[in-house]
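Got your viewer open? Let's walk through this model together, one selection at a time.

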Amino acid sequence: MGKASRIKRERVSSVYETHEPTVPQNWPDGHVAVALTGDDQGECIEVTIHGVRHYLHSTTARELSNMLLSKIDEWNIKALAGGVAGV
């Protein structure tokens with residue numbers, strides 16, 4: 001078994017859901033962060049959301065970005081129709 005498989009197996013998290021904090025905490029750095037990983041990781045992108053780290057391959061990160069942008073565009077249409085500024 002390779003190093004990446006062992007690392008993934010050992011990386012068990014009990015956090016399956018997060019929500020925005022009631023009060024913003026050091027916006028935006030206290031909410032989200034993105035970094036490149038070191039050579040010791042099997043994945044190349046690290047995304048941290050509300051303190052929970054996620055390690056992604058670049059292709060997964062790209063698809064997440066595409067999906068987020070698509071949903072933000074949908075949200076903006078609804079927001080503008082409701083008289084609220086989009087993002």
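## Starting at the pocket

The lining of the largest pocket is made up of 10 nonpolar, 4 polar and 1 charged residues. Keep in mind as you look around that this is a predicted model.

How much space lies in the largest pocket? About 370 Å³. To find its centre, select Val 32, Val 34, Val 47, Ile 49 and Leu 68, which are the closest to it of the 15 lining residues. Now colour the elements: S1, S2 and helix H2 (58-81) each contribute at least two residues to this lining.

## The sheet

Next, hide the side chains and show the strands. You should see an open sheet of 3 strands, ordered S1-S2-S3 and paired antiparallel. Its edges are S1 and strand S3 (52-56), each of which pairs on one side only. Look along the sheet and you can follow the twist, averaging 20 degrees from one strand to the next.

Zoom in on S2 and S3. These two antiparallel strands are joined by 5 bridges. For one pairing to click on, select Val 47, whose bridge partner in S3 is His 54. Val 47 is also one of the residues closest to the centre of the largest pocket.

Bring the helix back into view. H2 lies across S2 and S3, and runs at about 115 degrees to S3.

## Thr 48

Staying in strand S2, select Thr 48. Is Thr 48 buried or exposed? Its relative accessibility is 16%, so it counts as buried, the cut-off being under 20%. Show what surrounds it: leaving out residues up to four places away in sequence, Thr 48 touches His 31, Val 32, Ala 33 and Arg 53. Of these, Val 32 will be familiar from the centre of the largest pocket.

## Last stop: Cys 44

Now move to the loop between strand S1 (32-36) and strand S2 (45-49), where you will find Cys 44. With a relative accessible area of 31%, Cys 44 is partly exposed.

Which residues is Cys 44 in contact with, leaving aside its neighbours within four places in sequence? Select Ala 35, Leu 36 and Thr 37, then add Leu 56, His 57 and Ser 58. To finish, draw a distance between the C-alpha atoms of Cys 44 and Ser 58: they are 14 residues apart in sequence and 6.2 Å apart in space. Ser 58 also belongs to helix H2 (58-81), which brings you back to an element that helps line the largest pocket.

Notes. Residues are numbered from 1 along each chain as its sequence is written. This is a predicted model: local features need pLDDT of at least 70, side-chain atom pairs count only at pLDDT 80 or more; totals for chains, interfaces and linings use all residues. Side-chain values use heavy atoms; hydrogens and water are left out. Helices (H or I, at least four residues) and strands (E, at least two) are DSSP runs, numbered from the N terminus. Buried means under 20% relative accessible area, exposed over 50%, partly exposed in between (1.4 Å probe, protein chains only). Contact means heavy atoms within 4.5 Å. On a 1 Å grid over the protein atoms alone, a cavity is a set of points where a 1.4 Å probe fits but cannot get out, and a pocket is an open set with protein on both sides within 12 Å along at least five of seven lines; lining residues have an atom within 4 Å of a point. Grid points are joined across faces, edges and corners, and a volume is the space filled by probe spheres set on the points. Ala, Val, Leu, Ile, Met, Phe, Trp, Tyr, Cys and Pro count as nonpolar, Asp, Glu, Lys and Arg as charged, and the others, Gly among them, as polar. Two strands pair if DSSP finds at least two bridges between them. Axes are lines fitted to C-alpha atoms, for helices over the stretch in contact, and angles run from 0 to 180 degrees between N-to-C directions.
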